[in-house]
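Student: I'm new to this one. Could you show me how to read it, feature by feature?

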Amino acid sequence: MKVAATLRVNGIAYPVEVEPGTSLLAAVRDEVGLTGSKEGCDDSECGACMMLLDGRPVNSCSYLALQAEGSDVTTVEGLGDGRDLSPLQTAFLEHGGVQCGFCTPGMLISATALLERNPSPSEDDVRIALSGNLCRCTGYDGIVKAVLAVAESPAA
């Protein structure tokens, strides 16, 4: 039996009807239509599905959509302003933090959460904050450099 709910995603309220066991990831991708967050492992191991829930990074594959009602959900699509990339997204491109791109949405979300709570992280801080996100292509160095570049920029 489906349950009616309202999910606030990237500042917009979306009325949805979901089964009680529907993950936040499935609801955002299938009901809201935002497909930036990826399903990698469906077991909270890879971080590809990461979203911000009231500013906290969560693995949306194992977080129920109904639990998110009343909260602000931010997906990778919500990081830019719709026309331009965010400084972090731009830095990922400039520093080689993107290869196949599958992990990129989750990495961007985790890095955004880090920079919100710690605007001047050390390299170790960045690596720890991203430890819940797996990447099989980049070797992480470009990703870490991108996060540190944004942290060091005067506009950060």
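Tutor: Sure, and keep in mind that this is a predicted model. Start with a helix and ask what it lies on: α1 lies across β1, β2, β3 and β5, and runs at about 105° to β2. Another helix, α3, also packs on the sheet, where α3 touches β3, β4 and β5 and its direction makes about 35° with that of β3.

Student: Which residues of α1 are buried?

Tutor: In α1, residues 24-32, the buried ones are Leu24, Leu25, Ala27, Val28 and Val32. They pack against β1 (3-9), β2 (12-18), β3 (50-53) and β5 (72-74). Just after α1 comes Gly33, with a positive phi of about 90°.

Student: What is the order of the strands in the sheet?

Tutor: Read across the open sheet of 5 strands and you get β2-β1-β5-β3-β4, with mixed pairing. At the edges sit β2 and β4 (56-59), each pairing on one side only. From one strand to the next, the twist averages 40°. For a single pair, take β3 and β5: they are antiparallel, over 2 bridges, and Leu52 stands opposite Thr74 in β5.

Student: Back to helices. Which residues of α2 are buried?

Tutor: Within α2 (residues 87-94), Leu88, Gln89, Ala91 and Phe92 are buried. They are on the same side of α2 because they cover an arc of only 160° around the axis. Their cover includes α3 (104-117) and α5 (141-152).

Student: And what does the face turned away from that buried side carry?

Tutor: On that face of α2 you'll find the exposed residues Pro87, Leu93 and Glu94. Just after α2, Gly96 has a positive phi of about 70°.

Methods. Residues numbered from 1 in each chain as written. Predicted model: local features only at pLDDT ≥ 70, side-chain atom pairs only at ≥ 80, totals over all residues. Heavy atoms only, no water. Buried < 20%, exposed > 50% of the residue type's maximum accessible area, 1.4 Å probe, protein only. Helix = DSSP H or I, 4+ residues; strand = E, 2+ residues; numbered from the N terminus. Contact = heavy atoms within 4.5 Å. Arc of directions from axis to C-beta. Pairing = 2+ DSSP bridges. Axes fitted to C-alpha atoms, helices over the stretch in contact; angles between N-to-C directions.
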